[in-house]
Amino acid sequence: MGSAELESNKKLAVVIMAAGKGTRLKSHRPKVLHQIGGKPLLSHVIAVASRLVDPANIYVVVGHQAERVKAAVAETGVRFVEQPDPRGTGHAIQCAREAVTPFDHILVLSGDVPLIRPETIEKLWHFHLGEQAAMTILTAAPEDPTGYGRILRKSKDSTEVAAIVEQKALTQEQQSVREINSGIYAFKTSPLLEHLDKLNANNANAEIILTDMAALLGSAGDRVVAIEAAETAEVLGANTIAELAALDATLRAATASRLMAAGVTIFRPETCVIDADVEVAPDTVIEPFVQLLGATRIGSDCLIRSYSVVENCKLGNNVLLRQSCILSESTVADGAKIGPFAHLRPGSKIGQDAHVGNFVETKNATLGKGAKANHLSYLGDAEVGEGSNIGAGVITCNYDGVHKHTTRIGKDVFVGSDSTLVAPITVEDGAYIGAGSCITKDVPAGALAVARSRQISKQGWVAGRRNRKEAQAPKTGDEKAQE
């Protein structure tokens with residue numbers, strides 16, 4: 001069900017808890033801005049929520065380093081609620097009271113639980129409506145539930161919750177209960193707000209926690225129910241860097257599995273780093289130790305060879321990326337061949353069937369169809385036309401110490417090895433530039449440009465130089481004695 005249909009049936013808001021410090025991570029960075037799968041924990045949760053409701057109906061509760069958190073996800077279009085002195089999840093909803101009052105229902109998500117799937121949240125939502133509940137709790141049953149609050153149902157097969165018991169308060173009999181509270185809830189708004197101010201901080205952590213709402217609603221005769229998530233990993237957060245790394249590994253393994261199920265060959269997927277938002281078309285082959293990062297898009301029938309790193313790039317079909325290439329914020333058209341050891345910096349646009357060879361670096365450069373720069377060149381702020389050939393060691397001198405300037409090279413141009421083109425400059429169609437030239441003026445179409453010192457060869461110069469050196473050398477003791 002899409003967001004429009006959901007909102008037409010019932011007005012729904014999503015509140016995401018994102019105010020905590022994450023003290024146990026031993027980091028100055030806000031907990032929700034730590035990354036897995038190439039983006040912040042909070043961004044994953046917002047992406048899931050945005051599948052269900054319009055971002056304008058998503059309220060992120062911020063507290064610790066609030067401005068930094070806001071800036072990190074501002075482009076998503078969500079709204080923010082300030083919790084200036086975070087005192088627990090119940091206190092967060094108290095801070096969001098004004099924002100959520102107009103809505104019939106709210107979903108409460110945790111900004112540090114990034115693996116939750118939209119299918120699971122949608123299932124929670126439909127179950128909540130079907131049960132006509134005041135509160136619905138998403139639960140899980142990990143192998144080791146130690147440390148989590150346990151869900152006690154009214155009976156074995158009942159959907160209704162009798163109590164949520166924290167770890168320290170469990171009886172010997174209750175220790176065997178594995179079903180835990182995930183901290184993800186659906187609420188009917190009116191009973192939630194009616195009892196909200198009854199929450200207090202009379203607990204071990206001295207915080208106003210939303211978990212206590214289950215007891216308040218139950219005592220008032222309202223229905224409190226629970227539904228178990230299909231996968232325990234979906235509801236897990238991270239309190240340490242090690243746990244964060246484990247979540248990252250889980251997400252990346254799932255991403256690799258998704259791509260392989262869609263027809264992508266990934267050799268040794270456990271060695272590859274593939275971000276969650278990466279898309280790859282069928283019949284592409286990815287060798288070991290490849291990194292595909294950010295919003296990278298790769299077409300079909302490509303070969304991405306080992307040790308290449310591709311970040312926020314778009315590759316067409318039938319692209320060959322040889323070993324150890326680095327590409328960032330660039331586009332590569334169908335049939336192009338890159339590398340090995342090529343570096344495409346931001347703004348590079350490589351045309352159809354073009355070649356960028358070993359140790360070639362491009363920056364804000366365009367290579368036309370069939371253009372070639374096969375060896376040891378730097379092309380910065382350059383436009384290279386179709387069919388042109390850039391020789392080994394060619395440099396476009398684009399920076400004068402203050403400003404950047406553009407080099408324009410037309411179609412079917414031949415630039416000889418070790419030439420320097422001092423921008424701004426234009427080399428028109430079909431021109432030739434002799435090897436070793438320093439070109440400072442425009443080159444007309446079809447012309448040959450040579451700009452280098454004239455070669456002089458002096459016969460016998462080496463022998464004469466040797467004789468002069470020998471004559472000038474200091475005499476040894478034996479030579480002085482002979483005199």
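Me: Which residues make the nonpolar surface patch of about 410 Å²?
Reply: The structure is a predicted model. In this model, a patch of nonpolar side chains covers about 410 Å² of the surface. The residues that make this patch are Phe414, Tyr432, Leu448 and Val450.

Me: Is valine 450 buried, partly exposed or exposed?
Reply: Valine 450 lies in the loop between S41 and helix H10 (461–472). Its relative accessibility is 47%. Buried would require under 20% and exposed over 50%, so valine 450 counts as partly exposed.

Me: Which strands are the edge strands of the open sheet of 11 strands?
Reply: The strands of this sheet follow the order S12-S15-S18-S21-S24-S27-S30-S33-S36-S39-S41, with parallel pairing. An edge strand here pairs on one side only. The edge strands are S12 (265–266) and S41 (448–449).

Me: What is the bridge partner of valine 415 in S39?
Reply: Strand S36 (residues 414–415) and strand S39 (residues 432–433) run parallel and are joined by two bridges. Within S39, the partner of valine 415 is isoleucine 433.

Me: Why is one side of strand S14 and of strand S38 left without a neighbour in the sheet?
Reply: The open sheet of nine strands runs in the order S14-S17-S20-S23-S26-S29-S32-S35-S38, and its pairing is parallel. Strands S14 (279–280) and S38 (425–427) stand at its edges. One side of each lacks a neighbour because each has a single partner strand.

Me: Which residue in S35 stands opposite valine 384?
Reply: Three bridges connect strand S32 (residues 382–384) with strand S35 (residues 407–409), and the two run parallel. Opposite valine 384, in S35, stands isoleucine 409.

Note on methods
Residues numbered from 1 in each chain as written. Predicted model: local features only at pLDDT ≥ 70, side-chain atom pairs only at ≥ 80, totals over all residues. Heavy atoms only, no water. Pairing = 2+ DSSP bridges. Helix = DSSP H or I, 4+ residues; strand = E, 2+ residues; numbered from the N terminus. Patch = residues over 30% accessible without salt bridge, like charges linked within 9 Å, V, L, I, M, F, W, Y side chains within 5 Å. Areas by Shrake-Rupley, 256 points an atom, 1.4 Å probe, with all protein chains shown as cover. Salt bridge = Lys/Arg side-chain N within 4 Å of Asp/Glu carboxyl O. Buried < 20%, exposed > 50% of the residue type's maximum accessible area, 1.4 Å probe, protein only.
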